[in-house]
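Student: I would like a close look at one aromatic residue in this protein. Please start with that residue and then work outwards to the rest of the chain.

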Amino acid sequence: MQRIINFIIRNKNLLLYLFLFVISLAFTIQSHSYHQSKYFNSANWLTGGIYKTSNSFSSYINLKKENEKLVQENMRLRNFLINKEYNFQIAVDSLLFDSIQKDYNIISSRIIKNSYSHLDNYITLNKGTKDGITQDMGVITPVGILGIVENTSENYSRVQSILNRKSNLNAKIKNTNNFGSLIWNTKDYNTVQLVDIPRRVKIKIGDTILTGASSSIFPENIPIGTIKAFDLNTSKSSYSIDINLFNDMSNIKNVYIINNKNREEIQQLESETKNGD
């Protein structure tokens, strides 16, 4: 306390000056409209800047949550588009599709590990059996096909990427019924190959390649990429086509896992047919 008193005594002239200055400033602002408007404009500018900074910081903190909301919304829209492709009877109520009767549903997920420079590449997702993920579910992104779930644990899934020597998917040329096998020759992580397309088929650079109808994993017409080069193979009976992928396989984060609800029934029927033969 004594130190405070000593400080006031030592600086009494300065403190008196500041006190009188504040009082005179207050009287000036109160008695002159020009000064008053300048004062309030300055105060509004200061508080507005503080609120803006606070809001920007809050938005940054909530960015992850907002991104997750966008992923969920995209998932619902993707669900709608996939099932609409099959001309199902769809009832839409504010884009909430929980009660829609459909053959496919979609689970959103995120990549936690992605390889694309090996001969056999795999992708690890942050969803597993507790989220309803099982083996042989298809995985796509908002722009194209990605791979098939190979193994699962409680919390994670391992996906066989289309950039894998063992990958072999049914694919077709858009607006045709010409199907072939989609494989990877291991040379370029942005390019896969479509083989077994007959030489009679008319193709050109830039044609779009989609998933075919012969798969019980992927719905038909999921985008894959575009033709960037083609040639007749050594037998001269079919084309070998290079496909430029829509996905940038080195830069993927959010994905969608596709579940075909009728897959087990289809497989059972196919198995019974084979056994009958």
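**From one ring outwards**

Tutor: Tyr-239 is buried, because its relative accessible area of 14% falls under the 20% limit used for that word. Keep in mind that this is a predicted model.

The next step is to ask what this ring pairs with. Two aromatic pairs are found in the structure. In one of them, the ring centres of Phe-230 and Tyr-239 are 5.7 Å apart and the planes meet at 85°, so the pair is edge-to-face. The reasoning is short: planes over 60 degrees apart count as edge-to-face, and 85° is the angle for Phe-230 and Tyr-239. Both values are needed because a pair of aromatic rings is described by the distance of the centres and the angle of the planes. The two partners do not share a label for exposure. Phe-230 has a relative accessible area of 34% and is therefore partly exposed, while Tyr-239, at 14%, is buried.

Now move to the nonpolar core. The largest nonpolar core has 43 residues, and the members that touch the most others are Leu-194 and Ile-243. Beyond its neighbours within four places in sequence, Ile-243 is in contact with several residues, among them Leu-182, Val-192, Leu-194, Ile-209, Ile-224 and Ile-227. The list for Ile-243 also includes Asn-190, Thr-191, Gly-225 and Thr-226.

Another tyrosine has a charged neighbour. Arg-158 lies over the face of Tyr-122, 3.7 Å from the ring centre. Tyr-122 also appears among the contacts of Asn-164, along with Leu-119, Asp-120, Asn-121 and Trp-184, when residues up to four places away in sequence are left out. Asn-164 itself belongs to strand S5, residues 157–164. Its relative accessible area is 0%, so Asn-164 is buried. A polar atom of the Asn-164 side chain lies 2.9 Å from the backbone nitrogen of Lys-166.

A second asparagine sits in a loop. Asn-221 is found between strand S9 (208–211) and strand S10 (223–232), and it is partly exposed, with a relative accessible area of 24%. The side chains of Asn-221 and Lys-172 are joined by a polar contact of 3.1 Å. Asn-221 and Ala-171 are 50 residues apart along the chain, yet their C-alpha atoms are separated by 8.7 Å.

Two aspartates deserve a look for their backbone angles. Asp-136 is not a glycine but has a positive phi of about 70°; its place is the loop between strand S2 (120–125) and strand S3 (138–140). Asp-196, not a glycine either, also has a positive phi of about 70°, but its place is in strand S8, residues 191–198. Asp-136 is partly exposed at 27% relative accessible area, and Asp-196 is partly exposed at 47%.

Finally, step back to the whole chain. Its secondary structure comes to five helices and twelve strands. Of the 277 residues, 32% are buried. Among contacts with a separation of 6 or more, 57% are between residues 24 or more positions apart. The accessible surface of the chain is about 17,800 Å², and carbon and sulfur atoms account for 52% of it. Tyr-239, where we began, is one of the buried residues.

Terms used:
Residues numbered from 1 in each chain as written. Predicted model: local features only at pLDDT ≥ 70, side-chain atom pairs only at ≥ 80, totals over all residues. Heavy atoms only, no water. Core = buried A, V, L, I, M, F, W, Y, C linked by side-chain atoms within 4.5 Å. Buried < 20%, exposed > 50% of the residue type's maximum accessible area, 1.4 Å probe, protein only. Contact = heavy atoms within 4.5 Å. Phe/Tyr/Trp six-rings, centres within 6.5 Å; stacked < 30°, edge-to-face > 60°. Lys NZ or Arg CZ within 6 Å of the ring centre and 35° of its normal. Helix = DSSP H or I, 4+ residues; strand = E, 2+ residues; numbered from the N terminus. Areas by Shrake-Rupley, 256 points an atom, 1.4 Å probe, with all protein chains shown as cover. Polar contact = N/O pair within 3.5 Å; in protein donor to acceptor, adjacent residues only side chain to side chain.
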